[in-house]
Amino acid sequence: MIKTPKLAANLLFGLAAATASMTAPAIAQAADLVIGEIHPITGPAAFYGLPESQAIKAAADEINTAGGVKVGGTSYQIVIKTADDQASPTVGVAALRKLLGEGAKFIIGPIASGVAPALKPIIESRPDVIQLIDGSIADGLTNGKTIFRNQASVQAYNDALTRLTKARAYPTVAVMTDRFHAGFMGSQKTLVDALDAQGNKVVAQEYHKLNDTDFSAQLTKIASMKPSALVLRGYPAEGALITKTARQLGYQGQVIWEFVSPPSTVLKNISPAEMEGVLNAIPPTSQDYVALGNEKALKLEARLKKMFNAEIGELSTLSYDAVYIFKAAIEKAGTLDSAAVAKAFTQLKTTDVPMAINPYVPGKDNLLFTDGQVGLPGGVQIWKGNGWQPLADLKH
Amino acid sequence: MLDMLPQQLVNGLTLGSTYALIALGLTLVFGVLLIPNFAHGELYMLGAFSTYALVGAGVNFWLAVVIATVIVIALGVVLDRLVFQPLDHSSSLSLMIAALAASIILQQTATIIWGSEPRTTPSPIPGVLRMAGFSIAYFQIFVIALTLAAWGGVWLVLNRSRLGLAIRAVAQNKGAAQLMGIELRDVRLATFAIGALLGGLGGAILSANFPVYPTMGINPVLKAFVVLVLGGIGNLWGAILGGLLLGIVEVMVAGYISSQLQDVGTFMILVLVLLLRPQGLFGRVVLER
């Protein structure tokens, strides 16, 4: 008897909570725009993926604060749903299915070149899903209909490299590639042909893989050929170890990296002195824009600091731009209907995304995407002191 | 091509000494206790992470190596007590599954504590010895010397001490050893502690040579099992020679055939040895009791 009022109160509370849980999503969905993002939040590539995820949330927060995404008379608040692919194709597929199951039709990511090809057939089987890749550089990922990419293609990386090797007129070059990196392996022959054609004779092509720890056999072979430049294509930890081993084995030529390498990660594996003068041929990174005083990049850096107490990542600006590209396409379409948004993607002009940080090169008729791919110019960085700096003069 | 040979041989010896160092502890535990301890790679990883963390906190590298090794010995004993001892009378399959489970748990724990980003401890012995025909880092010379010293140390314990006599007796015939009054629990504890010491020491030292990350033990322990097959299970000298042989073969395949075939070469040798000399290159045929 004594417990009855408490039981009744509990029942009433439970009923109220159940009613609220049934009605609350209906109200929220009316003004929510769900964007799913797939990045390696944990695992060996988390140092790439976590800053990208944070930049997406920063962009969404900025847009929401400014009034949201305007479609007709409705302002939609962006809701970001995050899925962790751990840079693994298997986990990535599960992550995508999770997002689709949660109703996300607009997807940003992934970064890993092994994950993106695994997601492609699933995305293509769902015409109501639009993907914007902000990280992976592998060839053949975009279709220009529902899959787009605002990251540079591997070709842009290779263009930056070939411009550098041509400007410096290296007579001989050796190339060492991560044999499980889909983007680099897929473009290996094209790169080697391009180098040979412009007079940078490729004297050695060697291979390694992620998490290898011994590169001495390959580097002994390379060092014996004394190439003017050694090009490394893979990931930062292996790049650092290869650079150290090459010097130890007496290689004295120019070491050139061709991959995004956060200084914090690099310096956990090699000393600044050993990195001094190493070149990196990649499109400009977020940190380059910060170093160059780009106001929007500086603003993003400050927002990331405030929201997550985190530094800006090398690819953060691409992820940030991706949210604004979705906003521009949806507003241009004037609806959340996927087919209309996908069409708007193909009609977007670079000027339609004024908040974008990266300097996308306009395609034909000033379009942002050509066959689903943006134009991003490659650049070269040089390691000085404790980090990379943009290299203006390629010859010196 | 032949002008590279001295350097490639040095590369092979250097790589092989790291395999041998890891295989020593594994072969001891496998040879005496018949436990296929896949978690040995995680003891190696924990030695490396502990050293990295201690050096990062300002502790001298050599002192950090000692502390890290002691930590790993303690963890190794706890691992045996919690994971393997309860399965003492179970099948080898149960032991293998338990070892794999322990391996994954330790990897995930390390990921939670330290994250997954690779990092390397600064080398305590900088510099490179350059000779006509080859060069080698002073630290790598130290690793080779340490591997030989570790072998010598374990050999002395096994062959010149009462504990070693007891360990060998248990390895030969557990039941007979028990009948002779040997306390199996003590032998087990000592064997696991020595195995963990070798794994932890290897990780602590090699953290200055290789990147440290939670799954760093997987590949070395797989290679160490190959070394065990090459050298003969439980054979210390076989672990050293098998490790060096594997290192040299890997380097020669990568240097003279193709770097894409480096791992293929390793496992081809494994298959060949299993087919042609299953007791290992340096092992003896024993009858199943």
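What follows is a conversation about a predicted model with chains A and B.

Visitor: Why is A:I222 called buried?
Guide: A residue is called buried if 20 or more other C-beta atoms lie within 10 Å of its own. A:I222 has 24 C-beta neighbours inside 10 Å, so it counts as buried.

Visitor: Where is A:I222, and which residues is A:I222 in contact with?
Guide: A:I222 sits in helix α8 of chain A, residues 216–225. Leaving aside neighbours within four places in sequence, its contacts are A:A174, A:A204, A:E206, A:P227, A:L230 and A:Y251. Contact here means that the C-beta atoms lie within 7 Å. For A:I222 and A:Q287, the C-alpha atoms are 32 Å apart in space, and the two residues are 65 apart in sequence.

Visitor: How do you know that the span of helix α2 of chain A agrees with its number of residues?
Guide: The expected span is 1.5 Å times one less than the number of residues. Helix α2(A), residues 46–65, has 20 residues, so it should span 28 Å, and its end C-alpha atoms are indeed 28 Å apart.

Visitor: What makes α2(A) mostly covered?
Guide: The count of buried residues does: 16 of the 20 residues in α2(A) are buried. Just after this helix, A:G67 takes a positive phi of about 115°.

Visitor: What makes β8 and β13 of chain A edge strands?
Guide: Each of them pairs on one side only. They belong to an open sheet of 7 strands in chain A, in the order β8-β7-β9-β10-β11-β12-β13. β8 covers residues 201–208, and β13 covers 387–390. From one strand to the next, the twist averages 25°.

Visitor: How do you know that β9 and β10 of chain A pair, and in which sense?
Guide: Two strands pair if there are at least two bridges between them. β9(A), residues 229–233, and β10(A), residues 254–257, have 4 bridges and run in the parallel sense; therefore they meet the condition for pairing. A:V231 has A:I256 in β10(A) as its bridge partner. The pairing in the sheet as a whole is mixed.

Visitor: Which strands does helix α5 of chain A lie across?
Guide: Helix α5(A), residues 154–167, lies across β7, β9, β10, β11 and β12 of chain A, and runs at about 135° to β11(A). Helix α7(A), residues 188–197, lies across β7 and β8 of chain A, at about 155° to β8(A).

Visitor: What is the strand order in the open sheet of 6 strands in chain A?
Guide: The order is β2-β3-β1-β4-β5-β6, and the pairing is mixed. Its edge strands are β2(A), residues 69–71, and β6(A), residues 147–149, since each pairs on one side only. Neighbouring strands of this sheet are turned by 30° against each other on average, direction ignored. Strand β5(A), residues 130–133, runs parallel to β6(A) and is joined to it by 3 bridges. Opposite A:L132 stands A:F148 in β6(A).

Visitor: Why is chain B called as compact as a globular protein of that length?
Guide: Its radius of gyration is 19 Å, and the globule rule gives 19 Å for 289 residues; the two values are close, so the description holds. The C-alpha atoms of chain B fill a box of roughly 60 × 50 × 35 Å along the principal axes. Buried residues make up 50% of the chain.

Visitor: How many helices and strands are there in chain B?
Guide: Chain B has 11 helices and 2 strands. From the N terminus on, the elements run α-α-α-α-β-β-α-α-α-α-α-α-α.

Visitor: How do you know that β1 and β2 of chain B pair?
Guide: The condition is at least two bridges. β1(B), residues 128–131, is joined to β2(B) by 4 bridges, and the strands run antiparallel. B:V128 stands opposite B:A137 in β2(B). The hairpin has 2 residues between the strands, and B:G133 takes a positive phi near 100° there.

Visitor: How many residues does each chain give to the contact between A and B?
Guide: Chain B gives 25 residues and chain A gives 27. On the side of chain B that touches chain A, α1(B) gives the most, with 5 residues. The residues on that side divide into 11 nonpolar, 11 polar and 3 charged.

How values were computed
Residues are numbered from 1 along each chain as its sequence is written. Chains are lettered from A and ligands numbered from 1 in the order in which they are written. This is a predicted model: local features need pLDDT of at least 70, side-chain atom pairs count only at pLDDT 80 or more; totals for chains, interfaces and linings use all residues. Two residues are in contact if their C-beta atoms, placed from the backbone, lie within 7 Å. Ala, Val, Leu, Ile, Met, Phe, Trp, Tyr, Cys and Pro count as nonpolar, Asp, Glu, Lys and Arg as charged, and the others, Gly among them, as polar. The radius of gyration is taken over C-alpha atoms; the globule rule is 2.2 Å times the number of residues to the power 0.38. A residue is buried if 20 or more other C-beta atoms lie within 10 Å of its own, exposed if 12 or fewer, and partly exposed in between; C-beta atoms are placed from the backbone. Axes are lines fitted to C-alpha atoms, for helices over the stretch in contact, and angles run from 0 to 180 degrees between N-to-C directions.
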